[in-house]
Every structure is written in structure tokens, then in C-alpha cells.
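Let's take a walk through this one together, going from residue to residue. Have the viewer open and follow along.

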Amino acid sequence: MLNKYVQFKPTYDLLLKLIIALIFTCALGPLTVSIPGEIPLTLQTFFLLLFAIGFGWKVGALNALLYVLFGMAGLPVFAGYNGGIENLSGSSGGFFFGFIAGALISGYMAESNKKDSPFIHIAAWFVGHAIILLLGGYWLSKFLPEIWFESIKSTLPGAAIKSAVGFLIIQLLIRFLAGRKEFYEAK
């Protein structure tokens with residue numbers, strides 16, 4: 001979606017977009033927003049899906065994979081600035097696999113033949129979050145069979161908010177970048 005407006009030299013395009021995505025995802029993804037009485041909202045899925053939908057499935061899937069690998073190696077990039085392989089073997093391990101699958105599929109949707117349709121853009125956000133929550137919920141059900149559904153259900157408002165905000169940000173970026181491109185090409 002943003003590839004039309006953000007382009008680097010073809011040799012370095014994918015690499016530079018991946019570096020940009022990793023910097024934002026690793027630096028800001030671990031932030032959590034606490035809402036009284038609710039499960040804290042993490043920005044991991046927001047940034048993973050933002051770059052997958054914005055730059056496509058290749059950048060999105062590589063960003064998610066490297067993000068998970070960095071966290072496994074012990075870098076403090078997971079929610080709350082945690083890291084370590086124990087995060088993947090615990091009750092939240094399924095979410096990390098969901099990050100990769102969600103980024104891959106939502107990025108692919110954004111690059112589909114109807115990529116100029118706002119419906120595809122918003123659908124990519126909701127599908128990405130749904131995949132992450134489904135894989136996370138399945139994994140969580142093995143560890144906490146009594147409360148896994150309530151845990152996933154409590155994250156739905158946060159996923160909807162992140163989807164809506166992400167959709168609006170990408171739409172605003174497209175309009176801004178399209179206007180800038182037209183401005184520079186008119187001269």
C-alpha cells in the first residue's frame with residue numbers, strides 16, 4: 001500500500017524498509033497501555049501489522065520473524081520490554097507464532113489485486129488480529145483451559161481499536177504521500 005509512495009533504490013528497497021520496520025517494532029512494540037480493569041494493550045501487534053500492511057507480506061513476515069528471533073535471543077523487545085526463549089514456551093507462545101502468520105497473511109491481503117480498496121485495508125487489519133488471537137487462544141487453551149476464552153475475549157476491544165487506528169494512519173499516510181508525489185511531479 002505504501003510501496004507505491006515510499007521507494008528506495010531497488011537493490012536496497014526491501015532491506016531499508018525492513019530496517020525501518022524493525023526499529024519501530026522493537027523500540028515501540030513493547031510499550032503497553034494500561035486501561036483500568038482491562039488487560040493491558042500492547043503495541044506489538046499494531047506495529048507488526050502496520051508494516052506488513054504498509055510495506056507488504058515480505059517486509060511484514062521478515063519483520064515479525066526477526067522480532068520473534070530477537071526476543072528469543074533475550075533482547076527486551078516483547079511486551080513490557082521482556083525477552084528470552086521462555087516467553088515462547090509459556091502460555092503466550094502461540095501469540096508469537098500468530099505474529100508471523102498474521103503479518104504474512106495481512107501483508108498479502110494488502111498487496112492483493114484490489115489493494116486500492118479501503119475495504120481490503122480494514123479487512124487486512126482485522127484478519128491479521130484474528131489470526132494472532134486464534135493461534136494465541138489455541139495455545140493458551142492448552143495451558144489455561146478454564147479461562148483461555150475469557151482472556152482472548154478481553155483482548156478484542158484492544159484489537160479493534162488498534163485495527164481502526166492503524167487503518168486511519170495508513171489512509172492518512174497514503175493521502176499525504178500521494179499529495180506530495182503529485183506536488184513534486186507537477187514541477
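Before anything else, a cut-off to keep in mind: a residue counts as buried when its relative accessible area is under 20%, as exposed when that value is over 50%, and as partly exposed in between. Keep in mind, too, that this is a predicted model.

With that cut-off in hand, start at Lys162, which sits in helix H7. Is Lys162 buried or exposed? Its relative accessibility is 9%, so Lys162 counts as buried. What does the side chain of Lys162 reach from there? One partner is the backbone oxygen of Thr42, at 2.9 Å. There is also a polar contact between the side chains of Lys162 and Thr45, at 2.7 Å. Setting aside neighbours within four places in sequence, the residues in contact with Lys162 are Leu41, Thr42, Thr45, Phe46, Trp125 and His129.

Move one step along to Ser163, also a resident of helix H7. Ser163 has a relative accessible area of 0%, so it is buried. Its side chain makes a polar contact with the side chain of His129, at 2.9 Å. Beyond the residues up to four places away in sequence, Ser163 touches Ile122, Trp125, Phe126 and His129. If you want a distance to check in your viewer, try Ser163 and Ile132: they are 31 residues apart along the chain, and their C-alpha atoms are separated by 13 Å.

Trp125 has come up in both contact lists, and it leads us to the nonpolar core. In soluble globular proteins, nonpolar side chains tend to be buried together. Here, the largest nonpolar core has 40 residues, and the members that touch the most others are Leu50, Ile53, Tyr67, Phe99, Trp125 and Ile170. Which elements give two or more residues to this core? They are helix H1 (13-28), helix H2 (44-55), helix H3 (57-72), helix H5 (93-110), helix H6 (118-143) and helix H7 (148-186). H2 gives the most, with nine residues. For a close-up, pick Ile170: leaving out residues up to four places away in sequence, it touches Met1, Leu2, Leu50, Ile53, Gly54 and Trp125.

Now over to Asn63, which is found in helix H3. With 0% relative accessibility, Asn63 counts as buried. Neighbours within four places in sequence aside, Asn63 is in contact with Leu18, Ala21, Leu22, Thr25, Phe47, Leu48 and Phe51.

Thr25 then gives us a link to Val77: the two are 52 residues apart in sequence, but 8.1 Å apart in space, C-alpha to C-alpha. Val77 is in the loop between H3 and H4, and at a relative accessible area of 6% it is buried. Not counting neighbours within four places in sequence, Val77 is in contact with Cys26, Pro30, Tyr67, Phe70, Gly71 and Asn82.

That loop, between H3 and helix H4 (86-89), also holds Tyr81. Most residues other than glycine have a negative phi. What is the phi of Tyr81? It is near 60 degrees, a positive value in a residue other than glycine. Tyr81 has 39% relative accessibility, so it counts as partly exposed.

Tyr81 also belongs to a nonpolar patch on the surface, together with Phe8, Tyr12, Leu15, Leu16, Ile19, Ile23, Phe24, Leu28 and Leu31. Together these residues have about 870 Å² of accessible area. Ile19, one of the patch members, lies in helix H1 and counts as partly exposed, at 38% relative accessibility.

Finally, the charged pairs. Side chains of opposite charge can pair when their charged atoms come close. How many salt bridges does a search of the whole structure find? The search finds two. Asp13 pairs with Lys17, with the closest N and O atoms 3.0 Å apart. Both residues lie in helix H1, four residues apart, about one turn of the helix, and both are buried. The other bridge joins Lys153 and Glu150, with a closest N and O distance of 3.7 Å. These two lie in helix H7, three residues apart, again about one turn of the helix. Lys153 is partly exposed at 42% relative accessible area, and Glu150 is partly exposed at 47%.

Terms used. Residues numbered from 1 in each chain as written. Predicted model: local features only at pLDDT ≥ 70, side-chain atom pairs only at ≥ 80, totals over all residues. Heavy atoms only, no water. Core = buried A, V, L, I, M, F, W, Y, C linked by side-chain atoms within 4.5 Å. Buried < 20%, exposed > 50% of the residue type's maximum accessible area, 1.4 Å probe, protein only. Contact = heavy atoms within 4.5 Å. Salt bridge = Lys/Arg side-chain N within 4 Å of Asp/Glu carboxyl O. Patch = residues over 30% accessible without salt bridge, like charges linked within 9 Å, V, L, I, M, F, W, Y side chains within 5 Å. Areas by Shrake-Rupley, 256 points an atom, 1.4 Å probe, with all protein chains shown as cover. Polar contact = N/O pair within 3.5 Å; in protein donor to acceptor, adjacent residues only side chain to side chain.
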